[in-house]
Amino acid sequence: MWRRKFLGLLPEVHKRKLYEQKGFTSVFHFAKVMAGVSEEQVSRALNLDQAFEQMPALKTILNNGEASMHKIARIASIATPENQEELAEMVKILPMSALKTFVKDIRAEESVVDHKPENNQLFKQDTLELESDITSELLKLQQSGININEIIREALIQRKQTIEQEKETISNECQPTNSRYIPARTRKILKKEYGTKCSIKTCNKPSEELHHTQRFSVAKTHDPKYLAPLCKGHHVLAHTMDVKYHEKRQITS
């Protein structure tokens, strides 16, 4: 904490040349002798202070040493006057692993907006790995004048409806339990719906945990409608946000 506060005060020491009062030639010399801080760390503190000139919420966290320099630097590239207060809160409550995931998600969302083509296709489509017999059958249908897009669309709609119906059935049969074990039937339908990837659309990592979007400690059920497969990073992020949200509710209630 002392070191964070020291780093946070360096921009003011630099602006007012307070280091000269102690006989130092520069803020870099002052920081090295007084706290063993490298030139790179000093430069980072000065650059962040300048970058947050129009963002008082983040500037305050930096100058007061309320979060580590590494965490503050992590969000600098996505910080704006509009989102500064939200980011200030994230920096204070999220562990570094979750903060990295949070920043990655923001960048992914910005990338989608910046590169969205006029034809509404967000990304260049990947090559579909269709088996030869399926490709042959679709080709025959297309050559016969049949709209294969409609066939595929109907199949996708049917798949979605089947999954929703099965989840609804499982949901209706869910009973309260103290066991954290998620039944195989529930795991199976979630895998059928999401595959093996994290359910966050912008994430391509494998799913590692099933997250209860409806707190298990309260609901006491493993309702598939309130479960989502997440990678480790998004699972940590989800739990951190959930805990802080409920802490705030208890404080304000």
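**Figure 1. G8 sits in helix α1.** The model shown here and in the other views is predicted. G8 counts as buried, with a relative accessibility of 2%. Leaving aside neighbours within four places in sequence, G8 is in contact with L62 and N63. A45 is 37 residues away from G8 along the chain, yet the C-alpha atoms of G8 and A45 are separated by 6.8 Å.

**Figure 2. Helices α1 and α4 pack at an angle of about 105°.** Their axes lie 5 Å apart. Angles from 65 to 115 degrees count as roughly perpendicular, and α1 and α4 are therefore roughly perpendicular to each other. From α1, the contact is made by K5, G8, L9, P11 and K15. From α4, K59, L62, N63 and N64 take part. Sorted by class, the contact of α1 with α4 has three nonpolar, three polar and three charged residues. G8, the buried residue of the previous view, is thus shown again here among the α1 contributors.

**Figure 3. The largest nonpolar core holds 38 residues.** Which of them touch the most other members? They are L10, F52, L58, I72, I75 and L94. Seven helices give two or more residues each to this core. They are α1 (2-15), α2 (27-35), α3 (39-51), α4 (56-64), α5 (69-75), α6 (84-93) and α7 (96-114). Another core lies apart from this one. That other core has seven residues, including I170, I182, I189 and L227.

**Figure 4. L94 is one of the core members that touch the most others.** What does L94 contact beyond its neighbours within four places in sequence? The partners are K71, L99, F102, L237, T240 and M241. L237, T240 and M241 fall within the residue range of helix α12, 232-252. L99 and F102 fall within the range of α7, 96-114. K71 falls within the range of α5, 69-75.

**Figure 5. H235 lies in helix α12.** That helix spans residues 232-252. Is H235 buried or exposed? H235 counts as buried, at 15% relative accessibility. Not counting residues up to four places away in sequence, H235 touches E209, L210, H211 and L230.

**Figure 6. C198 and C231 are buried cysteines without a disulfide.** A disulfide is a covalent bond between the sulfur atoms of two cysteines. Here the cut-off is 2.5 Å between the sulfur atoms. Why does C198 form no such bond? The closest cysteine sulfur to that of C198 is in C231, 4.0 Å away and too far for a bond. C231 is in no disulfide either. The nearest cysteine sulfur to C231 is that of C203, at 3.8 Å. By this rule the model has zero disulfides. C198 counts as buried at 6% relative accessibility. C231 counts as buried at 3%.

**Figure 7. The whole chain has 12 helices and two strands.** This view sets the close-ups in context. From the N terminus on, the elements run α-α-α-α-α-α-α-α-α-α-β-α-β-α. The chain has 253 residues, and buried residues make up 31% of them. Consider contacts in the chain between residues at least 6 apart in sequence: 60% of these join residues at least 24 apart.

Terms used: Residues numbered from 1 in each chain as written. Predicted model: local features only at pLDDT ≥ 70, side-chain atom pairs only at ≥ 80, totals over all residues. Heavy atoms only, no water. Buried < 20%, exposed > 50% of the residue type's maximum accessible area, 1.4 Å probe, protein only. Core = buried A, V, L, I, M, F, W, Y, C linked by side-chain atoms within 4.5 Å. Helix = DSSP H or I, 4+ residues; strand = E, 2+ residues; numbered from the N terminus. Contact = heavy atoms within 4.5 Å. Axes fitted to C-alpha atoms, helices over the stretch in contact; angles between N-to-C directions. Parallel < 35°, antiparallel > 145°, perpendicular 65-115°, else oblique. Nonpolar A, V, L, I, M, F, W, Y, C, P; charged D, E, K, R; others polar.
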